[in-house]
Amino acid sequence: MIIGSTAIEAVEGNIVKMEFDAIVNAANSSLLGGGGVDGAIHRAAGKELVHECRLLGGCKTGQAKVTKGYDLPANWIIHTVGPVWRGGENGEAGQLASCYSESLSRAVEIGARTIGIPAISTGIFNYPLESAAQTAVATLSAFVEQHPEAFDRIALVCFDEQATEAFTKAMKAF
Ligand code: AR6
């Protein structure tokens, strides 16, 4: 979908290998690394990343903080902490939406025009894929409507076919 200058799309692949001004990391509140995409980003960025992360003092669920990209193709990493899925009645959707809007707010601040975002919370944090995809698409669209010229490309980077299908479907239904 296209809003203003921004193409929003779902793409399949490994986010650490992709060329964007900034990529978003699905981190945990320590910001010191973990499994999933977080582990992959820390491995690919190199050891200097964790040194910068130590200075940030952690990050609350739904918030986002920026570091440099170090050895990644991306110049910046926007670390956000998604909600752990606890059945859906505990504010998870609002927290997930906040991850997307706060990440884009950081992107605007650093002037990143191309951004890759993984399917936050849908791995280790267990958020149901379809519901996460709907929240992602609705939140990104609403943000971009408010900042129609801020970005060139926002890619929802899906790690497997199932995620690609869910995000593509959410975009078509929107
Ligand atoms: N590129 C793109 N997407 C990926 C990649 C990759 N290289 N690797 C995994 N994914 P997860 P969460 C997808 O578990 O659910 C960590 O330990 C994956 O298939 O990485 O937010 C953190 O430190 C899934 O669709 O993040 C936290 O403790 C999506 O990325 C916790 O996991 C998110 O899965 C965060 O859990």
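## Where the ligand sits

A pocket here is an open set of grid points where a 1.4 Å probe fits, with protein on both sides within 12 Å along at least five of seven lines. A molecule counts as sitting in one if more than half of its atoms lie within 2 Å of its grid points. By that test, the ligand sits in the largest pocket. Keep in mind that this is a predicted model.

## Who's in the shell

There are 21 residues around the ligand, and Asn 14, Asn 28, Gly 35, Val 37 and Asp 38 come nearest. Sorted by class, the shell splits into ten nonpolar, ten polar and one charged.

As for secondary structure, β3 (22-27) and α1 (36-45) each chip in at least two shell residues. Helix α1 gives the most, with four residues.

## Polar contacts and burial

Two of the contacts run through the backbone. A polar backbone atom of Gly 35 is 2.7 Å from an oxygen atom of the ligand, and for Val 37 a backbone N or O atom also lies 2.7 Å from a ligand oxygen. Thr 122 uses its side chain instead: an N or O atom there is 2.9 Å from an oxygen atom of the ligand.

How much of the ligand's area does the protein bury? Taken alone, the ligand exposes 710 Å², and the protein buries 90% of that.

## The chain around it

UniProt, in an unreviewed entry, lists residues 1-174 as "domain: Macro". Over that stretch the chain is 39% helix and 21% strand, and its end C-alpha atoms are 9 Å apart.

Notes
Residues numbered from 1 in each chain as written. Predicted model: local features only at pLDDT ≥ 70, side-chain atom pairs only at ≥ 80, totals over all residues. Heavy atoms only, no water. Near = heavy atom within 4 Å. Polar contact = N/O pair within 3.5 Å; in protein donor to acceptor, adjacent residues only side chain to side chain. Areas by Shrake-Rupley, 256 points an atom, 1.4 Å probe, with all protein chains shown as cover. 1 Å grid on protein atoms, 1.4 Å probe; cavity = no way out; pocket = protein on both sides within 12 Å on 5 of 7 lines; lining within 4 Å. Nonpolar A, V, L, I, M, F, W, Y, C, P; charged D, E, K, R; others polar. UniProt positions renumbered as here; feature names shortened; annotations may be inferred.
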